[in-house]
Amino acid sequence: MPEKKLRVECLAVTPDALSLIYAAFRQCYHAGFVADMWPRLLSGEIDPEVQADFVAKTMESGHDSPIEHVSLTFAIEGISRACSHQIVRHRIASYSQQSQRYVAESDMDYILPPAFAKIPEARERFESFMAEVQSAYNDLRDILVAHGRKTKANEDARFVLPQAAETKIVMTMNCRSLHHFFHLRCCNRAQWEVRALADAMLELCKEKLPAIFKNGGARCEQLGYCPESPKFACGKYPTRETIG
């Protein structure tokens, strides 16, 4: 029953992502049909750096809907059920999560909050409770199997599992939804675990599509001020009220 660490991998990006976004942007301002331009984009006849520059400058104007045509897919492990509950609140996305009904938690991995890790007595009590939960889960599952529940024992035994239980998930988001995700979840006020996940995802996005994500992150990073009210601001940037 080990402590589990965060791991994020990018599994896929829409093919020819930059050219596709460039074509979508150009169609908004181009009298012709971008399908006629498409072979030139794929061949490199239209320089990828020219494409990236056009996309970046157009996004700076506030026009960002064309980036919805490209999606990225991530495989994520080492997050808690508490964290996954936050992630799935982002609705313009697709999720495939490891099931506690079909996957037995007979050796449950868990996420240790850093605040507990720093305090020996807190860590000791937390790990003791994780062991108690594991014992209860195994006992209940065995009892259910003995009473004929067999392969369905997991679906009832899982009711004792904590939010700290580790989970794995595959997530696909389009680029516009990812920017919104980063605006909220890279913020200093976001919960520590989902913020660590968002930061890791953002680094992968910058690697895969720098023209789209080079300025990604918390909203304040783009605005130069905090869009929250003074009551909720973290203090990194001035609030809109204080600069107005």
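This short talk walks through two annotated binding sites and some of their residues.

Good morning. A reminder before we start: this is a predicted model.

Let's take the first site. An unreviewed UniProt entry gives a "binding site" made up of S65, R89, H90, R91, Q97, N174, C175, R176 and H180. These residues cover 116 residues of sequence. They are spread in space as well, with up to 28.0 Å between C-alpha atoms.

Start with S65. Find the loop between α3 (48–60) and β2 (71–80), and S65 is there. Is S65 buried or exposed? Neither label fits: S65 has 32% relative accessibility, so it counts as partly exposed. The partly exposed class lies between the two cut-offs, under 20% for buried and over 50% for exposed.

Next, R89. Look at the loop that runs between α4 (81–87) and β3 (94–97); R89 sits in it. Its relative accessible area is 54%, so R89 is exposed. The side chain of R89 still has a partner. One of its polar atoms lies 3.0 Å from the backbone oxygen of H85.

Now the second site. The unreviewed UniProt entry also lists, as "binding site", Q86, I87, V88, R89, Q97, Q98, S99, Q100, R101, R158 and R185. Do they all gather at one spot, or not? They do not, because the farthest two C-alpha atoms are 28.8 Å apart. In sequence, this set spans 100 residues.

R89 is in the first list, and R89 is in the second list too. Q97 likewise appears in the first and in the second.

On to Q86. Helix α4 holds this residue. Its relative accessible area is 15%, so Q86 is buried. What does Q86 touch, beyond its neighbours within four places in sequence? The answer is R185, Q191 and V194. R185 is itself a member of that second list.

Last stop, Q97. This residue lies in strand β3. With a relative accessible area of 30%, Q97 is partly exposed. Which residues does Q97 touch, once those up to four places away in sequence are set aside? They are R81, S84, T167, K168 and I169. With S84 there is a polar contact, side chain to side chain, at 3.0 Å.

To recap. Q86 is buried. S65 is partly exposed, and so is Q97. R89 is exposed. As for location, S65 is in a loop, R89 is in a loop, Q86 is in helix α4, and Q97 is in strand β3. Thank you.

Key:
Residues are numbered from 1 along each chain as its sequence is written. This is a predicted model: local features need pLDDT of at least 70, side-chain atom pairs count only at pLDDT 80 or more; totals for chains, interfaces and linings use all residues. Side-chain values use heavy atoms; hydrogens and water are left out. UniProt positions are given in the numbering used here, feature names are shortened, and annotations may be inferred rather than shown by experiment. Helices (H or I, at least four residues) and strands (E, at least two) are DSSP runs, numbered from the N terminus. Buried means under 20% relative accessible area, exposed over 50%, partly exposed in between (1.4 Å probe, protein chains only). A polar contact is a pair of N or O atoms within 3.5 Å; within protein, one must be able to donate a hydrogen and the other to accept it, and residues adjacent in sequence count only if both atoms are side-chain atoms. Contact means heavy atoms within 4.5 Å.
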